[in-house]
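This report introduces a single chain to a reader who has not met it before. Please look over the sequence and the model, and then follow the text below.

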Amino acid sequence: LAALAILNVVVAAVVWCVVFKATRYVSVASLAAAFMLPVSTLVTRVIVAPVTRPTAVLLAVIAILVIVRHRTNIARLVAGQENRFPNRPTGRILQR
């Protein structure tokens, strides 16, 4: 994937890091990064460097699959039951 659209993957990775640092939820970071794949592809196609249509479709399909696969995480987030990584090592692996 990185070979097909390196700029889009880098944008998604930066978004993942920023969202994870802010929320400490891996699932929220993954969803945000997945959402940014097609968004950054649209921006890239218009402004920076052309991304081929098959690559853009592939990135959109991957984003949809990630979001669909995170259905249970989304339900736990809404219910306030999703596990969060601690801000610093405390001896406990996960906190609620």
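Which residues make the nonpolar surface patch of about 430 Å²? The patch is made by I6, L7, V10, V14 and V18, and one of these residues, V10, lies in helix α1, which covers residues 6-23. With a relative accessibility of 42%, V10 counts as partly exposed.

The model is a predicted one, and the mean pLDDT of the chain is 81, with 79% of its residues reaching 70 or more. Among the elements of the chain, α1 has the highest mean pLDDT, at 91, whereas helix α3 (residues 53-69) has the lowest, at 84.

Helix α1 also takes part in the aromatic contacts of the model, for the structure holds 2 aromatic pairs. In one of them the ring centres of W16 and F20 are 5.0 Å apart and the ring planes stand at 15°, so this pair is stacked. Both W16 and F20 lie in helix α1, where they are 4 residues apart, or about one turn of the helix. The rings of F20 and F85 have centres 5.7 Å apart and planes at 70°, so that pair is edge-to-face. This second contact links distant parts of the chain, since F20 is in helix α1 and F85 is in the segment after α4 (71-79), 65 residues apart. Through these ring pairs W16, F20 and F85 are linked into a cluster.

The table gives the accessibility of the residues in that cluster.

| Residue | Relative accessibility | Class |
|---|---|---|
| W16 | 27% | partly exposed |
| F20 | 15% | buried |
| F85 | 35% | partly exposed |

Notes: Residues are numbered from 1 along each chain as its sequence is written. This is a predicted model: local features need pLDDT of at least 70, side-chain atom pairs count only at pLDDT 80 or more; totals for chains, interfaces and linings use all residues. Side-chain values use heavy atoms; hydrogens and water are left out. Patches are made of residues with over 30% relative accessible area and no salt bridge: like charges are joined within 9 Å, nonpolar side chains (Val, Leu, Ile, Met, Phe, Trp, Tyr) within 5 Å. Accessible areas come from the Shrake-Rupley method with a 1.4 Å probe; for residues, only the protein chains shown count as cover. A salt bridge is a side-chain nitrogen of Lys or Arg within 4 Å of a carboxyl oxygen of Asp or Glu. Helices (H or I, at least four residues) and strands (E, at least two) are DSSP runs, numbered from the N terminus. Buried means under 20% relative accessible area, exposed over 50%, partly exposed in between (1.4 Å probe, protein chains only). pLDDT is the predictor's confidence in each residue, from 0 to 100. Rings of Phe, Tyr and Trp (its six-membered ring) pair if their centres lie within 6.5 Å; planes under 30 degrees apart count as stacked, over 60 as edge-to-face and the rest as tilted.
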